Amino acid sequence: MSQVEERARYEAQQEFPEADILDPMWDPEHIDRGIEALVNHPLEQFHEEFRDFYEALDDPVAYLGESYDGVEDDSFTITKSYTLSPDDRIEVVDDVSISYRRTDGTAQRVGPFREPGEGVVVCGMPWLEFNDDYNFEEEFHDLVVTHLLAQIRDIYFHMGEEPPDEYKVQGIGKRDIHGDGIGET
């Protein structure tokens, strides 16, 4: 039933594009705009603006500014957001933020957090362990693009549908979707 409800919300947003029915990060067209902007963004600028995202994914503990004791390892979500201009270019890139849970159940956040909204594209992944031979300059841009493609993949799974072929990628997408495990990576 939840998948049917999500599909109905998606269809309603398509029918009434000016209405505030669907969070933009659950709209495949919005994320696709974000992918296009990222692909066309100068690579050198990407390396400068997204370096903190890579470093935080690799070692979020370094960003905590407090004792690591009592933090649930699997609770980390490292987030990097950027804003699209009206002509679908990257306009503003936010600093990295990290959300996590302590073992006592309290939620914590470090860094700026922006609410998803029109024009905001959000990349959010769990703690990753990069191999020593991982090359940031050669591989990280593709990782972020694949993450956004995987988010679109998971939106379709969330609605109980098979995603179009271009979104059938391996990688981390949405971290919480409805379904029977069909989209789990």
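This text walks through a predicted model, starting at one helix and moving outward to two prolines.

Start with helix H3, which covers residues 43-58. Follow its axis along the chain. At Phe 50 the helix bends by about 50°.

Now look at which of its residues are hidden. The buried residues of H3 are Phe 46, His 47, Phe 50, Asp 52, Phe 53, Tyr 54, Ala 56 and Leu 57. Phe 50 therefore appears twice in this picture: it is the site of the bend, and it is buried. A general point about helices helps here. An α-helix has 3.6 residues a turn, so residues three or four places apart point the same way. Keep that in mind while scanning the list.

What covers these buried residues? Both helices and strands take part. The cover includes helix H2 (28-40) and helix H4 (136-158). It also includes strands E1 (77-84), E2 (90-93), E3 (97-101) and E5 (120-125).

Take H4 next. How do H3 and H4 pack? Their axes lie 10 Å apart, at an angle of about 80°. The two helices are therefore roughly perpendicular to each other. From H3, the residues that meet H4 are Leu 43, Phe 46, His 47, Phe 50, Arg 51, Phe 53, Tyr 54 and Leu 57. On the H4 side they meet Phe 136, Glu 137, Phe 140, His 141 and Val 144. By class, this contact has nine nonpolar, two polar and two charged residues.

Move on to the strands E1 and E2. They run antiparallel and are joined by three bridges. One pairing to find is Tyr 82 with its bridge partner in E2, Val 93. The two strands form a hairpin with five residues between them. In this hairpin, Asp 88 takes a positive phi near 60°.

The loop between E1 and E2 also holds Pro 86. Is Pro 86 buried or exposed? Its relative accessibility is 81%, so Pro 86 counts as exposed. Pro 86 and Gly 119 are 33 residues apart in sequence, yet their C-alpha atoms are 8.0 Å apart in space.

Finish with another proline, Pro 60. Its place is in the loop between H3 and E1. Pro 60 has 0% relative accessibility, so it counts as buried. Which residues touch it? Leaving aside neighbours within four places in sequence, Pro 60 is in contact with Phe 76, Ile 78, Ile 98 and Trp 127. Val 110 is 50 residues from Pro 60 in sequence, and the C-alpha atoms of the two are 9.9 Å apart.

Conventions. Residues numbered from 1 in each chain as written. Predicted model: local features only at pLDDT ≥ 70, side-chain atom pairs only at ≥ 80, totals over all residues. Heavy atoms only, no water. Bend = angle between axes of the 7 residues up to and from the residue. Helix = DSSP H or I, 4+ residues; strand = E, 2+ residues; numbered from the N terminus. Buried < 20%, exposed > 50% of the residue type's maximum accessible area, 1.4 Å probe, protein only. Contact = heavy atoms within 4.5 Å. Axes fitted to C-alpha atoms, helices over the stretch in contact; angles between N-to-C directions. Parallel < 35°, antiparallel > 145°, perpendicular 65-115°, else oblique. Nonpolar A, V, L, I, M, F, W, Y, C, P; charged D, E, K, R; others polar. Pairing = 2+ DSSP bridges.
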